[in-house]
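Hi there,

Here is the structure I promised to pass on. Have a look at it first, and my notes follow underneath.

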Amino acid sequence: MVEDRPLLNLLAHLVLIVGVAVVAMPLWIAFVASTHGPNDFMSGVVPILPGPHLVENYSRMFSTGVSTSGMPPVGRMLLNSAIMALSISIGKIAISILSAFAIVYFRFPLRMLAFWVIFATLMLPVEVRIVPTYKVVADLGLLNTYAGLSIPLIASATATFLFRQLFLTMPDELTEAARIDGAGPMKFFRDILLPLSRTNIAALFVIMFIYGWNQYLWPLLVTTSSDKYTIVAGIKRMADVADAQPQWHLVMATAILAVLPPLLVVVLMQRLFVKGLVETEK
Amino acid sequence: MKRALFGNRLLPWLLLAPQLAVTAIFFLWPAAQAIRQSFLREDAFGLSTSFVGLANYAALWGSAEYLNAVRVTAIFAVATTLLSLGVALVLALAVDRLVRAGKVYTTLLVWPYAVAPAVAGILWWFIFNPTVGLLPYVLDRVGYDWNHLMRPRDAMILVVLASAWSRISYCFLFFVAGLQSIPQSLHEAAAIDGAGPVKRFFTITLPLLSPTTFFLLVVNIVYAMFETFGVIDATTEGGPAQSTNIMVYKVWFDGFIGQNLGSSAAQSVILMLIVIALTVIQFRWIEKRVAY
Amino acid sequence: MARITLNGVGKVYPGGTRAVGGVDLDVADGEFVVLVGPSGCGKSTLLRMIAGLETITEGTVSIGDRVVNDIEPAGRDIAMVFQNYALYPHMSVRQNLAYGLKNRRTPAAEIARRVDEAARMLELAPYLDRKPRQLSGGQRQRVAMGRAIVREPAAFLFDEPLSNLDAKLRGVMRWEIKTLQRRLATTAIYVTHDQVEAMTLGDRLVVLNGGRVEQIGTPLEVYRRPASVFVAGFIGSTPMNLVRSDVLPGLARPGTTVGIRPEDLVPSPDGALSMQVSGIEELGVSRLVHGVIGGERVSVVVPPDFQPSEPLRLSVRPGAMHLFDAATGLRREGS
Ligand SMILES: Nc1ncnc2c1ncn2[C@@H]1O[C@H](COP(=O)(O)OP(=O)(O)OP(=O)(O)O)[C@@H](O)[C@H]1O
Ligand SMILES: [Mg+2]
């Protein structure tokens, strides 16, 4: 900063401390709740410090789950979420990088048409075409399958654009040198383009993993058998008990477990995450 | 454009095939179906369908419920966007001021991004739960009887808070990036010209940040309109008395629960038009920025 | 074996820009030919057609005794050095050198032998395991050279390979390229817009202008007998003076442009020409005097401590006048 104003700096610290507190509060409360017993909520005094039931609650979620609401143990749901998030992120990156390669490095009839078809996906979030998309997946017999969970979500204009942008900045001479060195298109793709896109792929992966993990509406629709439930969609089923207070301590334990994997990704790979975020949205 | 190109004819189509197939099967075809369906009406037993022209759209225009959804969406989107943008800007300005400590705060501020909107909804639902929640307990002390199960305004505040909260880190990171791209020399020049911090904020920082702000405005409206299904469904489910029934939620509800396919399809088409408009605006902006 | 022949080669880019037209050229085995000309004259286009990086829209290109018009770059047995070197940024120097050989399924032992030899020749041995970004500009240039050498190709193609180096290094590398090419006796075609580079490197020069060949010849031929006004003005460290013939007393030949190099005008008290001096440029080894004769701008090279009088009387070195047709710009025979 231009000049040193201790008062302004102090204010900045205050603002940020309040900000961090507000940002952290919901998760803290969820964590605290997940360490208490079922009756601690009924006393009317809301606990703000962790209780003694952490191990008990979490191990319960992993072993039996909340059978009253027909939920499988969380291990199964975490696994399903992981499979869905990985399929979506890896699938998105794979099909996007291939099509960006085709669009940038080849000239062929109807190239611009292909480009616009891909572009169109940008304008059609799954939420707005939910009914007919569901019908397609149902007709294809993909309900309650991992394919049905992930494939409809892997087309992505943003990722394609990102790779297109990246490829356009690669010097032409690199391609020409590779051609003279005897590399055909796929060899060039594998030996030169892919290694040079490494960090972008990683950054995109972080973003897409979180996107996939956090899907809600789609898994809610296409999974009706409990062995395919994902954790994010599962929580709601758990909290939705008729005529009774949900078992908040278990719901919150599940929420914490649902948040943990993407949270770790964001915190541990903060640099890649920020890069991916700022770049995919340009 | 590239100069160094490969000459193959078939290969590019093979490379494009997976993307085009997914797009055609899961995007274009359903979108076309939505458009077709929006001109049809099924009888009560689903036995026959007939072409009804724009009747489904006309029905929406006359439906108090739908107009309510439009109004609710507008309030919800504007409130969510302004709240998350405002908070994020204040936090970003503070972080920008504290060079070294800023990094630590940034790490502590980014992680709501990892929380799914649906989970964010559950968390806030719990916090505001009239019987076991922390905030109603506090509000009770100051004489406010919080009840989002009964009172529409409370419900709206709840979904706005949950949606804005899960969006803060996103806006925050973009504001930080925007602030960092303003050259330090501009601040120095203004300081030499006698502008104090407040004046500098309004004459230098804010104008130079306006592209970022505009971008965030658009993407946050898109977010609030289309990606907050989870928040609503995990909390109020559109209630009480339709007070949080945003358009995306209504499309789903009418289509899946109400089985009113024609109306749901017409609503889908309207939403698509809105997304297209917002996308065009966003791209206009990108073009303009490239021209800088 | 590696003779390169161009027959009526031309290029029209999609969109209609004509970059090159009607080029005939015969490069002998082991010869070093330099394509030289101003920016945009089509040098790169011509070279890239030989390399197979641009389609040939007119004429034929043969390498050895094959017409290669429809052969991929990799099948033409050529190696190319690019202006920006185009090193693979993620590969070590060793991998950069080996990549082309690997793609050709050269046995590993042979690859290792050739890489080591090239590294020794170019003094790159200490850097073999570094990435390109850890090298200086000059070292990168050597790696680009090395990548061409290890392939043992039928011909080297260079597109302004030295223009990213500073002046001093450029001089050194120029010499190295020449020595290497001599030693390997590999045919080379070299593109540059720098006439000093062209003169020092080439066995023969091809002077291009607007996509057409102005002159083909040894550096001395081109210097001594420029075939056109354009070549006369382009080749030579200080451009040739070009004046109307009636400026020179006793040489009134209508429709003729006369060219005299600045070093061929000699100050002498009884010279036939009289120049109004307008300024002096100090070059160190000599001075360049600028002025006007009969309304035409002229410059003269004089010894470093020479003080020109006003006006400066000059005579023309015998046999140093070049006559050109003013309308066509072509050299008049018998001059
Ligand atoms: N891909 C292209 N499409 C259309 N025109 C082109 C293309 N590439 C080059 N040109 C044109 O062809 C002409 C010759 O270009 P070329 O690159 O061969 O010139 P050059 O002699 O190598 O110039 P320089 O010394 O600046 O590298 C120029 O007028 C240029 O504008
Ligand atoms: Mg060139």
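Below is what I found, starting with the contact between two of the chains and then turning to the nonpolar cores. Please keep in mind that this is a predicted model.

**Chain B against chain A**

On the chain B side, 96 residues are in contact with 117 residues of chain A. Together the two chains bury about 9,600 Å², with 77% of that on carbon and sulfur atoms. Lys2(B), Phe6(B) and Arg97(B) account for 9% of the area that chain B buries against chain A, more than any other three residues.

As for polar interactions, there are two salt bridges between chain B and chain A. In one between these chains, Asp233(B) pairs with Lys236(A), and their closest N and O atoms are 3.8 Å apart. Polar contacts between the two chains come to twelve residue pairs, counting those with both residues at pLDDT 80 or more. Helix 1 of chain B (residues 11–37) gives the most to the side that touches chain A, with 19 residues. By class, that side of chain B has 69 nonpolar, 17 polar and ten charged residues.

**The nonpolar cores**

The largest nonpolar core has 150 residues, and Phe273(A) and Val119(B) touch the most other members. Helix 13 of chain A (residues 248–268) is the top contributor to this core, giving 13 residues. Across the chains, Val119(B) touches Val232(A), Ile235(A), Ala255(A), Ala258(A) and Val259(A). There is also a second, separate core of 73 residues, with Ile93(A), Ala178(A), Cys41(C) and Ile189(C) among them.

Happy browsing, and best wishes!

How values were computed. Residues numbered from 1 in each chain as written. Chains lettered and ligands numbered in written order. Predicted model: local features only at pLDDT ≥ 70, side-chain atom pairs only at ≥ 80, totals over all residues. Heavy atoms only, no water. Core = buried A, V, L, I, M, F, W, Y, C linked by side-chain atoms within 4.5 Å. Buried < 20%, exposed > 50% of the residue type's maximum accessible area, 1.4 Å probe, protein only. Helix = DSSP H or I, 4+ residues; strand = E, 2+ residues; numbered from the N terminus. Contact = heavy atoms within 4.5 Å. Buried area = accessible area lost by both parts, 1.4 Å probe. Salt bridge = Lys/Arg side-chain N within 4 Å of Asp/Glu carboxyl O. Polar contact = N/O pair within 3.5 Å; in protein donor to acceptor, adjacent residues only side chain to side chain. Nonpolar A, V, L, I, M, F, W, Y, C, P; charged D, E, K, R; others polar. Lists of a residue's contacts leave out its neighbours within four places in sequence.
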